[in-house]
Amino acid sequence: MTTSHSNPEETRESQSGTPPVIAIMGPTASGKTAAALSIARQMPVEIISVDSALVYRGMDIGTAKPNASELAAVPHHLIDIIDPAESYSVAQFRKDTVRLVQEIRARGSQPLLVGGTMMYFNALRHGLDDLPGANPDIRAELDAEAVHIGVPGLHARLTEIDPDTAARLKPNDSQRIQRALEIYMITGQTMSALLARQTKAAAPFELFSISLEPAERHRLHERIALRFDLMLEQGFLDEVRQLRLRSDLHPDLPSIRCVGYRQAWEYLDGHSSYEDMRERGIIATRQLAKRQLTWLRSMQERHIIDCFNPDAPTRISELLQQASPLT
């Protein structure tokens, strides 16, 4: 299965006259790492990770991070770059990726974007809204307020200030609710008003997107369950135990909210049984895959390959030839 809504002749070179950047995207457990390593055997590439979980150091098993031999086989970027107590924004990813693409090309290699964080891909293709950066003092104030009135209370406050933004956020979406309130406290203007006046700047390169997607969703669900069980066998709970030894880590951090980690943390807190933790971890991963596939369906420019097709490597090679002069 393959499809594209763009003219292959138009994808060969971007408007700047440089070849497009290859992007391997797809839901979790679709085989993106294996596909990327296969490409690396065919052409000189350096991999740029497009994964919001792989940025964290010390979170290896639960994020299905490439192993030592895979990392050694080809240069990788944006993996193990921050501590789990820190945050990494979409804007920072975009800035880092634009810089890395230029540096990799200057070395005579091809940048290869690989991952499943669709918001990152979307930011590259369509640009970002120019909103103010984070303010640590205001965030600390909002954190303290959340302790007293709860996240739903913050959502109610946002509803009074910016009903349009509040309407599209869930009442328990603490990160986005606090971000919207933070923007208002910094600028005196609502997020919805700022977004309505802005124009986005796309990245200075085109993407040639190859999307690994399941023709049969149940097969992906089966693979997700098998992979979660393998993570548990490999010591995932011990990995989370090590994180829990740190006093600066807690379940509200973006790192600990990663799929699997939240469920394991709650289990180690004594809030669930092992069986319940396993089941909820698998369900959460399936829900992540569903969200990723929803994002992908909105990306009209992608070339789809069934991730379970035995001929997938051949189809990828054919598409790379179509994207000439990349190869």
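Leu-78 is a good place to enter this predicted model: the residue is buried, because its relative accessible area is 7% and the cut-off for buried is under 20%. Look for Leu-78 in the loop between strand S3 (76–77) and H4. The backbone deserves a glance as well, since Leu-78 has a positive phi of about 65° although it is not a glycine.

Stay in that loop for a moment. Asp-80 also sits between S3 and H4, and its phi is positive too, at about 60°, again without being a glycine. The surroundings are another matter: with a relative accessible area of 32%, Asp-80 is partly exposed, whereas Leu-78 is buried.

From the loop you can step into helix H4, which covers residues 90–106 and holds Gln-92. This glutamine counts as partly exposed because its relative accessibility is 30%, and that class lies between the 20% and 50% limits. If you would like a distance to check, the C-alpha atoms of Gln-92 and Tyr-120 are separated by 10.0 Å, with the two positions 28 residues apart along the chain.

Now let us turn to helix H2, residues 32–40, where the buried residues are Lys-32, Ala-35, Ala-36, Leu-37, Ser-38 and Ile-39. What do the buried residues of H2 pack against? Among the strands, their partners are S1 (21–25), S2 (45–50), S4 (110–115) and S5 (207–213). Helices H3 (68–73) and H14 (312–322) are partners as well.

With those elements in view, zoom out to the whole protein. Its secondary structure comes to 14 helices and six strands. The domain assignment gives domain 1 as 21–128 + 201–323, and domain 2 as 136–197. Domain 1 is thus written as two stretches of sequence, with the range of domain 2 falling between them. Measuring between C-alpha centres, you would find domain 1 and domain 2 to be 29 Å apart.

Helix H8, residues 174–187, contains Ser-174. Is Ser-174 buried or exposed? It counts as buried, because its relative accessibility of 19% falls under the 20% cut-off. Leaving aside residues up to four places away in sequence, Ser-174 touches Val-151 and Arg-257.

Another stop is Val-240, in helix H11 (residues 236–244). Its relative accessible area is 0%, so Val-240 is buried. With residues up to four places away in sequence set aside, Val-240 touches Tyr-261, Ala-264, Trp-265 and Leu-268. Leu-154, by contrast, lies 30 Å from Val-240 in space, C-alpha to C-alpha, and 86 residues away in sequence.

Finally, consider the overall dimensions. Why does a radius of gyration of 21 Å agree with a compact globule? For 327 residues, such a globule would have a value near 20 Å, so the protein's value fits that expectation. Along the principal axes, the C-alpha atoms fill a box of roughly 60 × 50 × 35 Å. Of the 327 residues, 46% count as buried. The contacts tell you about the chain's path too: among those between residues at least 6 apart in sequence, 76% join residues at least 24 apart.

The surface rounds off the tour. The accessible area comes to about 16,100 Å², and carbon and sulfur atoms account for 50% of it. As for charge, the protein has 36 positive and 42 negative charges, and their mean positions are 2 Å apart.

Key
Residues numbered from 1 in each chain as written. Predicted model: local features only at pLDDT ≥ 70, side-chain atom pairs only at ≥ 80, totals over all residues. Heavy atoms only, no water. Helix = DSSP H or I, 4+ residues; strand = E, 2+ residues; numbered from the N terminus. Rg over C-alpha atoms; globule rule 2.2 N^0.38 Å. Buried < 20%, exposed > 50% of the residue type's maximum accessible area, 1.4 Å probe, protein only. Contact = heavy atoms within 4.5 Å. Areas by Shrake-Rupley, 256 points an atom, 1.4 Å probe, with all protein chains shown as cover. Lys, Arg positive; Asp, Glu negative; His and termini not counted. Charge placed at Lys NZ, Arg CZ, Asp CG, Glu CD. Domains from an automatic or database assignment.
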